[in-house]
Amino acid sequence: MVIEREMIDMSEYKYPALLHDRAKLVSNVKKLSDKCGEQGIQIAGIIKATNGTAAAAEDFVAGGAKLIGSSRLEQLKRAKDAGIKVPLLLIRVPMLSEIDEMVEIADISLNSEPLVLEAINKAALDKGITHKVILMADLGDLREGFFDLDELVETAVKVENEMPGLVLAGIGTNLGCYGSVIPTEDKMVALAKLAERVEAEIGRELEYVSGGATTSLLGVYHGYMPDKINMLRLGAGPLIGPLEDVRLCYNLEAMDELECPFVLKAEVIELKVKASYPQGELGVDAAGKKREYVDRGMRMRALLAIGRADYGDIDDLVPEMEGTTVIGASGDHTIVDVEDVKETVKIGDIMTFRLKYSALLNLAESENVKKYEI
């Protein structure tokens, strides 16, 4: 599948706007897929940060993703309805209330509760189908997964031998999303050994041993990923590129070869020289929080028609214009210091921002932000 660039006249845009450069996303996925493929690892493309657009799913597949995943069934359904042919993976442990719908949409789901597995088995049998499951091991990040690994092995044997509506497709883990635990070599080795233990109990090889998400690219690029691990669930890496937290926190320089497929464009609605320190008795801001301010004297400031209600935290915006600094925001306004910008900034100008993961996640779901694919 080839994604061609569509040239759109900038004058046709309405702002604020989230732009999705499809060629850049395909390129990012291909680079990561090729790198992982060298070590026998396939990738599942996670589309949740784009609000599960069909375009993002298509781009992941075009770049080499072998599965498409999301934490939300409605997003997987969009991929299914768009004709995506690779297996669809639900990456959040299923709710009991959604199981009937889940087995009709998702081909595979991540699981950690025996009660839920029994309910999935019943739903699959009732519909005359089989559903693949990956059992999650909690290796210390303390989000989902079996913390008692003996319980995971016992559950795996039960799924294999007593739940004919299910196929035990594999095991997996998640690191770095809640507890900030780094997917170090010892964690990956522990997962590989756990997979071998499960395989010994059920008498066959597992289809998937899922070593985590974008943070687990550390093991790929630093060469310590065990051979047993053969799948990663990647969203932030390909969607964000070199600004992703793995690059910033762990100095994974390989991320620099990636591009930024998504950018935010917002319009300047006010441009004035103002004091940098608020004037008067200070209380809390619009979010109900006390803030600290630095007095830098009188500064030229641009006010943009977008705010925290759309993207979340100002620290998740990275301005492209040299000399600009995002200094604050309310729900619907963003304040940018432009005192040190060399070029002239005018009312009606459009400022461009690269995005960290949380900003993309919020912007993609904001009904006040226009979405464009190029």
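## A walk through the strands, loops and surface patches

Y178 sits in the loop that runs between β7 and α7 (185-202). The structure you are looking at is a predicted model, and this loop is a handy place to start.

With a relative accessibility of 56%, Y178 counts as exposed, because the cut-off for that class is over 50%. Y178 also joins L142 and F147 in a nonpolar patch on the surface, and together the three have about 390 Å² of accessible area. Another residue of the loop between β7 and α7 is S180. S180 is exposed too, at 55% relative accessible area, and its phi is positive, near 65 degrees, although S180 is not a glycine.

L142, the patch member mentioned above, belongs to the loop between β6 and α6. Its backbone is worth a look as well: L142 is not a glycine, yet its phi is positive at about 70 degrees.

The loop between β6 (131-137) and α6 (149-162) also holds D148. What kind of surface patch does D148 help to form? It is a negative one, made up of E113, D148, E151 and E154. D148 itself is partly exposed, with a relative accessible area of 41%.

Here are the loop residues with their accessibility side by side:

| Residue | Loop | Relative accessible area |
|---|---|---|
| D148 | between β6 and α6 | 41%, partly exposed |
| Y178 | between β7 and α7 | 56%, exposed |
| S180 | between β7 and α7 | 55%, exposed |

Now for the strands. β7 (residues 166-173) has 7 of its 8 residues buried, so the rest of the structure largely encloses this strand. β7 pairs with β6 in the parallel sense, over 7 bridges. Within this part of the structure, K132 stands opposite V167 of β7.

A second parallel pairing links β2 (residues 42-46) with β3, this time over 3 bridges. Here I46 has G69 of β3 as its bridge partner. Which way do the residues of β3 point? In this strand (residues 67-70), L67 and G69 point one way, while I68 and S70 point the other way. All four are buried. This fits a general pattern: side chains in a regular strand alternate between the two faces of the sheet.

One last backbone feature lies towards the start of the chain, in the segment before β1 (17-20), where P16 is found. The peptide bond joining Y15 and P16 is cis, with omega about -5 degrees.

Key. Residues numbered from 1 in each chain as written. Predicted model: local features only at pLDDT ≥ 70, side-chain atom pairs only at ≥ 80, totals over all residues. Heavy atoms only, no water. Patch = residues over 30% accessible without salt bridge, like charges linked within 9 Å, V, L, I, M, F, W, Y side chains within 5 Å. Areas by Shrake-Rupley, 256 points an atom, 1.4 Å probe, with all protein chains shown as cover. Salt bridge = Lys/Arg side-chain N within 4 Å of Asp/Glu carboxyl O. Lys, Arg positive; Asp, Glu negative; His and termini not counted. Charge placed at Lys NZ, Arg CZ, Asp CG, Glu CD. Helix = DSSP H or I, 4+ residues; strand = E, 2+ residues; numbered from the N terminus. Buried < 20%, exposed > 50% of the residue type's maximum accessible area, 1.4 Å probe, protein only. Pairing = 2+ DSSP bridges.
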